Amino acid sequence: HFLLTNLLLDKLKTSAPSRIINLSSLAHVAGHIDFDDLNWQKKKYNTKAAYCQSKLAVVLFTKELSWRLQGTGVTVNALHPGVARTELGRHTGMHSSTFSSFTLGPIFWLLVKSPELAAQSSTYLAVAEELEGVSGKYFDGLKEKSPAPEAEDEEVAHRLWAESARLVGLEMSHGFSVREQPLPK
């Protein structure tokens with residue numbers, strides 16, 4: 001998310017007004033950014049914890065990018081589209097037992113959204129006239145919600161930006177001034 005978005009920013013700015021929609025998850029509330037081991041190289045890899053951390057990172061990236069894009073005509077928001085009927089569970093160990101797969105699996109599939117229904121919230125954020133100029137927010141479906149407290153921590157957001165830029169080889173500023181003031185409330 002970080003690298004691709006940064007590589008597209010000049011085009012997005014010249015195409016303004018434009019919108020960036022970052023897919024996150026409600027799972028971000030269980031995430032924690034471990035700056036000592038962002039890539040899970042020191043501790044045993046845990047798919048669920050890594051997923052939650054990555055979704056928290058998306059919300060933090062959205063907040064920091066929104067601050068950096070002020071006045072450019074480009075907005076950015078994060079979104080939890082809801083639980084969709086996809087194959088994501090096969091990568092997270094959600095259906096790793098026979099009981100889970102055969103007993104809970106059918107119930108799970110009946111209660112979740114179709115991919116088409118889950119995509120409606122992304123489409124809404126991308127085109128809704130009432131969201132013109134709205135930036136740096138977190139949405140759960142079609143409604144703006146407050147994200148987890150760690151997702152509101154501007155120091156963590158700024159530090160994560162700097163570390164992400166270092167990891168992907170981008171200049172810290174990459175067309176931005178280095179942030180010296182807090183995010184606006």
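# A walk around a pocket and its helices

Asn6 is a buried residue, with a relative accessible area of 3%. Hi everyone, I'd like to start from that residue and work outwards. Please keep in mind that this is a predicted model.

So where does Asn6 sit? Its place is in helix H1. Far along the chain there is Leu170, 164 residues away from Asn6, and yet the C-alpha atoms of the two are separated by 8.7 Å. Asn6 also takes part in a meeting of helices: Phe2, Leu3 and Asn6 in H1 meet Trp161, Ser164, Ala165 and Val168 in H6.

How do H1 and H6 pack? Their axes are 10 Å apart, and the angle is about 85°. Angles of 65 to 115 degrees count as roughly perpendicular, so H1 is roughly perpendicular to H6. If you sort the residues of this contact by class, you get five nonpolar, two polar and no charged residues.

Let me step back and give you the overall layout. The protein chain has six helices and four strands. Reading from the N terminus, the order of elements is α-β-α-β-α-α-α-β-β-α. The protein chain has 185 residues, of which 40% count as buried. Now take the contacts between residues at least 6 apart in sequence: 77% of them join residues at least 24 apart. Asn6 and Leu170 gave us a taste of how positions 164 residues apart along the chain can sit in space.

Back to H6, since it has another partner. The axes of H2 and H6 come within 9 Å, and they cross at roughly 90°. That crossing makes H2 roughly perpendicular to H6. From H2, the contact uses Ala57, Leu60, Phe61, Glu64, Leu65 and Arg68, while H6 brings Glu154, Val156, Ala157, His158, Leu160 and Trp161. By class, this contact of H2 with H6 has eight nonpolar, one polar and three charged residues.

Here is one for you: is Glu155 buried or exposed? Glu155 has its place in helix H6. With a relative accessible area of 65%, Glu155 is exposed, because exposed means over 50%. Glu155 and Glu64 are 91 residues apart in sequence, and from C-alpha to C-alpha they are 9.6 Å apart in space.

Now for the pocket I promised in the title. The second largest pocket has a volume of about 540 Å³. It is lined by 21 residues, and the closest to its centre are Phe2, Ser54, Ala57, Leu160 and Ser164. Some of those names should ring a bell: Phe2 and Ser164 turned up where H1 meets H6, and Ala57 and Leu160 belong to the contact of H2 with H6.

Which helices supply at least two residues each to the lining? They are H1, covering 2-14, H2, covering 47-68, and H6, covering 154-168. H2 gives the largest share, with nine residues. By class, the lining has 14 nonpolar, six polar and one charged residues. And if you wonder how anyone looks for a pocket, rolling a probe the size of a water molecule over the atoms shows where empty space is left.

Let's stay with H2 for a moment, because Gln53 lies there too. Gln53 counts as buried, at 7% relative accessibility. Which residues does Gln53 touch, apart from its neighbours within four places in sequence? They are Gly31, His32, Ile33, Asp34, Leu38 and Trp40.

Trp40 deserves a look of its own. It lies in the loop between E1 and H2. Trp40 is buried, with a relative accessible area of 14%. Its phi is near 55°, which is a positive value in a residue other than glycine.

There is also something to spot in the loop between H1 and strand E1, where Pro17 has its place. A cis peptide bond joins Ala16 and Pro17, with omega at about 5°.

My last stop is His80, in strand E2, which covers residues 74-80. His80 is buried, with a relative accessible area of 8%. Leaving aside neighbours within four places in sequence, His80 is in contact with Ser24, Ser25, Leu26, Tyr138, Phe139, Asp140 and Gly141. For Asp140, which is 60 residues away along the chain, the C-alpha atom is separated from that of His80 by 4.8 Å.

To finish, one picture to take home: H6 is roughly perpendicular to H1 and H2 is roughly perpendicular to H6, and H1, H2 and H6 each supply at least two residues of the pocket lining. Thanks for listening!

Technical notes:
Residues are numbered from 1 along each chain as its sequence is written. This is a predicted model: local features need pLDDT of at least 70, side-chain atom pairs count only at pLDDT 80 or more; totals for chains, interfaces and linings use all residues. Side-chain values use heavy atoms; hydrogens and water are left out. On a 1 Å grid over the protein atoms alone, a cavity is a set of points where a 1.4 Å probe fits but cannot get out, and a pocket is an open set with protein on both sides within 12 Å along at least five of seven lines; lining residues have an atom within 4 Å of a point. Grid points are joined across faces, edges and corners, and a volume is the space filled by probe spheres set on the points. Ala, Val, Leu, Ile, Met, Phe, Trp, Tyr, Cys and Pro count as nonpolar, Asp, Glu, Lys and Arg as charged, and the others, Gly among them, as polar. Axes are lines fitted to C-alpha atoms, for helices over the stretch in contact, and angles run from 0 to 180 degrees between N-to-C directions. Angles under 35 degrees count as roughly parallel, over 145 as roughly antiparallel, 65 to 115 as roughly perpendicular and the rest as oblique. Contact means heavy atoms within 4.5 Å. Buried means under 20% relative accessible area, exposed over 50%, partly exposed in between (1.4 Å probe, protein chains only).
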